[in-house]
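Open the model in your viewer and keep the selection box handy. We will go from stop to stop, choosing a few residues each time.

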Amino acid sequence: MDEAVNENFKGEIPMESAGFAPGPDAGPWRCLPEPAPLHMPQQDFAQRVDLVKEPRQRGYWVPRTAIFAGAAALTAAFAHELFSILAFVVITPVQFLFLILSTIAFGWIAIGSLSAALGFLPLFAGERPDTIEPPPPETPLTTRTALLFPVYHEDPARIAGAIEAMARELDALGRNSHFDVFVLSDTRGEEDGAHEADVYHALGREIESIVPVYYRRRLQNTAKKAGNIADWVGRFGGAYDSFVILDGDSVMSGGTLVSLALAMGADPKAGLIQTVPRIVGGETLLQRLQQFACNTYGPPVAAGLAFWHRDQGNYWGHNAIIRTAAFAAAAGLPDLPGRKPFGGHIMSHDFVEAVLLQRAGYGVHMMPSLEGSFEGMPPNIIDVVARDRRWAQGNLQHLAIVSQPGITPMGRVHLGMGATSYLISAVWALSLIVGIILALQGQQMIPSYFRDAKTLFPIWPIIDPGAALRLFLATLIVVLLPKVLGLILAWKQARAENDLIGAIRVTFGVIIETIYSMLIAPIFMVTQTVGAAEILAGLDSGWKPQRRSDGALSFDDAMWFARWHTLIGIIVGLIVWTVSPGLLAWMAPVILGLVLAGPVSWLTSLRAGPIERWALTTCVDRAPPPVLIDAGHRERNWARRAATPGGLAPPPQAAAA
């Protein structure tokens, strides 16, 4: 091992003795830094724990009352109006079921829209909605931070490019000595493992004078990503004050990493600080739609969450900094009793880890205004559905935890809302089915229930169409409110920059995104409803690698994926047309979304056209930050080197040494 590498890997231990699979390279890549073990006990959800830290912020009840009391008032008004419409003569059992389902769905939407409205206010006033304030960026760093990249069959060239770009930004800021990089691999198979090891080995040599880069691959990927991180904490966590989790498509600027480390170091009560990553790098139409929505509607939504979460926020699994000692002491995850999908290791570990940090008294913060945090997204609807199915299982698994006596009230809110987000599609689907039955009854095609034994004739439902239209328009306002608020903020920014073309462009973008979101929503309604039913029936989603690029679908594949959506849409359309052409027009967005699910899935998997790229462009697209430009260049360089025989070999002088 040459002297320079020896210095970079001080106190290494052989990978074999640490229980990791060695790669084919006999050099320093089979080594890791000196162990710094940190005990990470498994937590008991049924046991109440003493607060390690007293919560810093007070007055939680004010924003939370505003959110939930306001949403309750809106929901009560909706239910009252809908009841008066349905009970024009007398309410039937089917109408009552429709009332319950519609009210639940509206209440869920009202919480999200009201949260966005309250987040809009500080942003419109030019205030920062962050729940923690970092010291000035020039403040000296006194802590050590590990940058963790848990990988599972990820493209090593992309991750190597991101690591090198981030490391060089830290070097330019003179803060690189406070950061180390760990690539924590759960990749299966010797061929894939050897390939990624070669890339990361070459990366370590390339930037050894800037930051150390350590790589290890587990023999057994026990407990998936959560187990991967817990393994690092138990072996090496004692050497680091904090660590930053980055996903396979994450990039963070050097200044952002420094701000996070400074904020964590300045507040000993902070256990976790979550950034709000911007979706970037989209090429397909679906990616462009999602990154436009994230960048345009995301700010008021994120600010609203920060407004009422305060320092009892949530964790999204990446692009966040975590206090190592707090995480080790408070967030060790047990296996849940029973069989999969509800038993076994905890899949959506991030929500649970945030809840455990909260109950120990550590602050879980959000910094929506901190720029320089980025991520990507899957390229097509099929890949999004596969990821969504895994997330759904993880969130519904939380139903086994939410009622445990050791969970805090805010923890129950987070876990309960996560599970509800995947059950609400079933509620929406049921409300549509019941609504069609009501329409059939209204046309006297299906006899209604008799009110009691003394009634000789059925009670036909009678609905006031004018009142129904007014309620529909009011509901539409609530549903579209986050989009309108995001558009207003974009107009405000365009006005400040004297950019009339920008204001026109973002308006067209909102129109295009809204049309596509209306077509895509029924697709996810069906897939999430089926997914929830599969999970409740005991079917496990497994753990498959996530595709992040090259997402174009063939038309045949898209149509096959959407075959059941299309069939359901045609059947529902025929039934509704039989009832009333007016009802068909009323349900057109849902029916069209189902009937056109195949073509929409195919079209959105293709590269966005020039009009869509113009209308859906974001501020990051128009002025990409240096770290993204550099990461892209370096990713292509690593991909080229990896594809060239000998391209990853050490230079002759290093080999000779």
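Select phenylalanine 182 to begin: its relative accessibility is 1%, so it counts as buried (buried means under 20% relative accessible area, exposed over 50%, and partly exposed in between, with a 1.4 Å probe and protein chains only). The model is a predicted one, in which local features need pLDDT of at least 70 and side-chain atom pairs count only at pLDDT 80 or more, while totals for chains, interfaces and linings use all residues. Residues are numbered from 1 along each chain as its sequence is written, and side-chain values use heavy atoms, with hydrogens and water left out.

Now add tyrosine 240, which is also buried, at a relative accessible area of 8%. A search of the whole structure gives 15 aromatic pairs; rings of Phe, Tyr and Trp (its six-membered ring) pair if their centres lie within 6.5 Å, and planes under 30 degrees apart count as stacked, over 60 as edge-to-face and the rest as tilted. Your two selected residues, phenylalanine 182 and tyrosine 240, have ring centres 5.8 Å apart and planes at 90°, so this pair is edge-to-face. Phenylalanine 182 lies in strand β4 (residues 179-185) and tyrosine 240 in the loop between α6 (224-236) and β6 (242-245), so the pair ties together parts that are 58 residues apart in sequence. Helices (H or I, at least four residues) and strands (E, at least two) are DSSP runs, numbered from the N terminus.

Which residues join these two in a cluster? Extend the selection to Tyr214, Trp232, Phe236, Phe243 and Phe327, which ring pairs link with Phe182 and Tyr240.

Next, look for charges over rings, where NZ of Lys or CZ of Arg is within 6 Å of the ring centre and within 35 degrees of the ring normal. Select lysine 492 and phenylalanine 124: the lysine lies over the face of the ring, 5.7 Å from its centre. Then pick arginine 563 with tryptophan 560, where the arginine lies over the ring face at 3.9 Å from the centre.

Time for some helices. Colour α3 (residues 93-124): at 1.5 Å a residue, its 32 residues should span 46 Å, and its end C-alpha atoms are 46 Å apart, which agrees. The expected span is 1.5 Å times one less than the number of residues. Just after α3, click on glycine 126, which takes a positive phi of about 80°.

Move to α2 (residues 61-86), where 26 residues should span 38 Å and the end C-alpha atoms are 36 Å apart, which agrees. Show its buried side chains, among them Ile67, Phe78, Leu82 and Ile85.

Two more positive phi values are worth a click. Alanine 223, in the loop between β5 (213-217) and α6, has phi near 60° although it is a residue other than glycine. At 23% relative accessibility, alanine 223 counts as partly exposed. Arginine 310, in the loop between α8 (285-309) and β10 (320-323), is not a glycine either, and has a positive phi of about 55°. Arginine 310 counts as partly exposed, at 24% relative accessibility.

For the last stop, go to helix α16 (residues 563-579) and select isoleucine 568. It is partly exposed at 36% relative accessibility. Add valine 595: isoleucine 568 and valine 595 are 27 residues apart in sequence and 7.7 Å apart in space, C-alpha to C-alpha.
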